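Thanks for coming, everyone. Let me put the structure up, and then I'll walk you through a few places in it.

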Amino acid sequence: MSELIQLKKARANSDAPTIDSGTPKGFPNPPVRTVYLETYGCQMNVADSDLMLGLLDRGGYARTDDPAAADLILINTCAVREKAEERVFARASMLGHGKARPDVVLGIVGCMAEHLKDEIRRRAPHVDLVVGPDGYRRLLDSVAQARGGDAVTDTRLDREETYSGLDPIAADGVIGHVTIQRGCDKFCTFCVVPYTRGRERGAAPREILRQVRALAAAGVKEVQLLGQTVNSYRYEDVGFAALLRAVAAVDGVERVRFTSPYPLDFADDVIAAIAETPKVCKHVHLPLQSGSDAVLARMRRGYDFATFRTLYDKLRAVPGIAITTDLLIGFCDESDEEFRATLRAQEELRFDGAFTFAYSEREGTYAARKLPDTVPAETKQERLAEVIAAQQRITGEIMAAQVGRRERVLVEQRSKRSADELMARTDAFRTVIVPAAPGVEPGALVDATIVRATIATLFGAVAPSRGEPASSARRAPSRGGMGTL
Ligand code: F3S
C-alpha cells in the first residue's frame, strides 16, 4: 500500500447490535457476551472491524460502547507510524488495567499485532490475544482459548485468505465497504504493509458482487471498494476495470469509489472505466510521495516524475475529476534540492488535496535495514510545514473556485455541528454542508448550488433537480432501479 494514513479513530459505534437486539425473540435470554472494539488506521481496518463484528455477532457477542461493560475488548491497530503504535500500547494498558473482571479478554489485532507481536508480549503482558489481519476467521476460537487462560498469538500470514463467505456486520448506513484485494506485492522501501498484510490476492468477482448486492439490498447507496493497491486487482481473467463496471451495474448502487490505488496500475482500461461509467466517482487518490526522481528511486516506487506526470495528465483529462495525493517528506538522505522538487511538483500538478507525512523509520522495511534516516527531525518538520502551507493555498483556491457551481451530492448523515444541517459529498469527494429540508435525508441524491467555501468544506443551497419541481429533492431509488447521476 502506497499511502500513509493518519491515525484516526474509526467511525462511531452506530452500526452495532445492542445487547437487546442480540436476544432472539421467543427464547429465554441466552447468556449474551459483549464486545468493545476500537479501530485505528485505514479504511481496510474499518472494513476488517466490521468483518470481526459480524463474526462475533454470529458467535453471540453484542457490541457495547462501554469498555467497562465488555467481556471482550479488541483494539484493531495500524503499523504505519511508530507514534500510533505507542498510543496503542498506552491505550491497551489503560483498558487492561480497567478490566472489570478477570475473565475479560483483551486483544490487540490488526497490523501492529502482526508487526510487533513479540514486543506486545514483552511490553504488554496484560494483553491476552494478539491476532494479525489473516487470523480473523479463527477469532472466536482464539477468544475462547484466551478465556481459558492461554496467551494466544495468531499472526500467521495466509496467501489465500480473502475472507470469502464471511459477512461483515449488517450495514445500516449510506456507505458500504467491500474488500476486494488484500496484501501488497509492491515493497516500497519505506512501507511496512507487505510485512503486516502479506502477499497480494484478489477476492473472487462472484463473492464481491454477492457482497455488493447485499449492501444495496440493505439500502447502501455508495459502495467503496478497498484494497492495499486496489487497482492491481486481478482474479483469474478479471481485472479491475471489468470489476468496476460490474459493480456499478448492480441495481441500487448509486456510486462506486475505490481506495487506495497504486499509480502504475492505472492502465488505460481502468481510466476508460472511470471516464465511461457515470456511477464510478470522479475522484482518484494518486500517491506521488516525492517530486524527486532520486528519492522515488530510493523509495522503489517504480516510476519517475515524468511517468507519474503522464498518468496524471491522462486522469486529469477525465471531466470533473479530482486528484489527491500522498507526500512523504524527509525520506532517507533527502537533500534540500530533492525536497524543492516536491514543492515544484505540487505547484505544477495542483492536487486537490494531499496527505502529508514526515518520514519515520519502520522496523523490518528495506529502508530501515539499508538506508540511513539522516534528515534531522527538525528539518523534516520545517519541510513538512512548507508542503502543508503550499497545499493549503492550492486546496483553498480549488475550493473557492467551486462557489457558484451546481453539484449532485449524496447526503451521508446529519451534520455533527447542527441539527439543521446535513453532510453530503460531491462525486469528487468534496464535503458539502446542506440545510435540512423535506427530502434532504441520508441516502438522498440532491442538487446543490455551492454558496460558500472553506479550505475543507463547501456549503450548498439545495437546488431543484433539473426537470423537477422546486420542493422535490430526489431520494435515490432504494432497490431495483438503476438511478441516474
Ligand atoms: Fe495501517 Fe495496516 Fe492500514 S499498517 S494504513 S492499518 S494496512
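Start with D265. At 23% relative accessibility, D265 is partly exposed. Its partner is K186, and the two side chains meet in a salt bridge, 3.1 Å from N to O. K186 sits in the loop between β8 (181-182) and α6 (193-197), while D265 sits in the loop between β13 (255-259) and α9 (268-276), so this pair ties together parts that are 79 residues apart in sequence. K186 is partly exposed too, with a relative accessible area of 24%.

I should say right away that this is a predicted model. The average pLDDT of the protein is 90. Of the residues, 89% score at least 70. Two stretches do worse. Over residues 1-28, pLDDT stays under 50. The model still has 72 contacts beyond four places in sequence for that stretch. Residues 469-485 also stay under 50, and there the model has 56 such contacts. Where pLDDT is low, the predicted coordinates should not be read in detail. Please keep that in mind for both stretches.

Back to charges. Side chains of opposite charge can pair when their charged atoms come close. How many salt bridges does a search of the whole structure find? The count is 36. Let me show you two further pairs and a network.

First, D167 and R210. Their closest N and O atoms are 2.9 Å apart. This pair links distant parts of the chain: D167 is in the loop between β6 (152-154) and β7 (175-179), and R210 is in helix α7 (residues 205-217), 43 residues apart. D167 is partly exposed, at 30% relative accessible area. R210 counts as partly exposed as well, at 32%.

Next, K314 and D268. In this salt bridge the closest N and O atoms are 2.9 Å apart. Here the link runs from helix α11 (residues 305-316), which holds K314, to helix α9, which holds D268, and the two residues are 46 apart in sequence. K314 has 37% relative accessibility, which counts as partly exposed.

Then the network. D48, R182 and R197 are linked by salt bridges. Hold on to R197, please. We meet R197 again around the ligand.

Which residues surround the ligand? They are C42, N45, C78, A79, V80, C111, V193, R197 and Q228. By type, this shell divides into six nonpolar residues, two polar and one charged.

You will have spotted cysteines in that list. How many disulfides does the structure hold? Zero. Take C184 as a case. The closest cysteine sulfur to the sulfur of C184 is in C191, and at 6.3 Å that is too far for a bond, because a disulfide needs the sulfurs within 2.5 Å. C184 is buried, with a relative accessible area of 2%. C332 is buried as well, at 2%.

Now some backbone geometry. Most residues other than glycine have a negative phi, and most peptide bonds are trans. Here are the exceptions I picked out.

Look at the bond from T259 to S260. That peptide bond is cis, with omega near -5 degrees. S260 lies in the loop between β13 and α9. D265, where we began, is in that loop as well.

Then F187. Phi of F187 is positive, near 55 degrees, and F187 is not a glycine. F187 is placed in the loop between β8 and α6. At 29% relative accessibility, F187 is partly exposed.

Q289 also has a positive phi, near 75 degrees. You will find Q289 in the loop between β14 (283-285) and α10 (293-299). Is Q289 buried or exposed? Q289 is buried, with a relative accessible area of 1%.

Last stop, L72. L72 is in strand β3 (residues 72-77). L72 is buried, with a relative accessible area of 0%. What does L72 touch, leaving out residues up to four places away in sequence? The list is T34, V35, Y36, L56, Y61, V105, V143 and R147. Take Y61 from that list. Y61 and L72 are 11 residues apart in sequence, and their C-alpha atoms are 8.6 Å apart in space.

That's the tour. Over to you for questions.

Note on methods. Residues numbered from 1 in each chain as written. Predicted model: local features only at pLDDT ≥ 70, side-chain atom pairs only at ≥ 80, totals over all residues. Heavy atoms only, no water. pLDDT = per-residue confidence, 0-100. Contact = heavy atoms within 4.5 Å. Near = heavy atom within 4 Å. Nonpolar A, V, L, I, M, F, W, Y, C, P; charged D, E, K, R; others polar. Salt bridge = Lys/Arg side-chain N within 4 Å of Asp/Glu carboxyl O. Helix = DSSP H or I, 4+ residues; strand = E, 2+ residues; numbered from the N terminus. Buried < 20%, exposed > 50% of the residue type's maximum accessible area, 1.4 Å probe, protein only.
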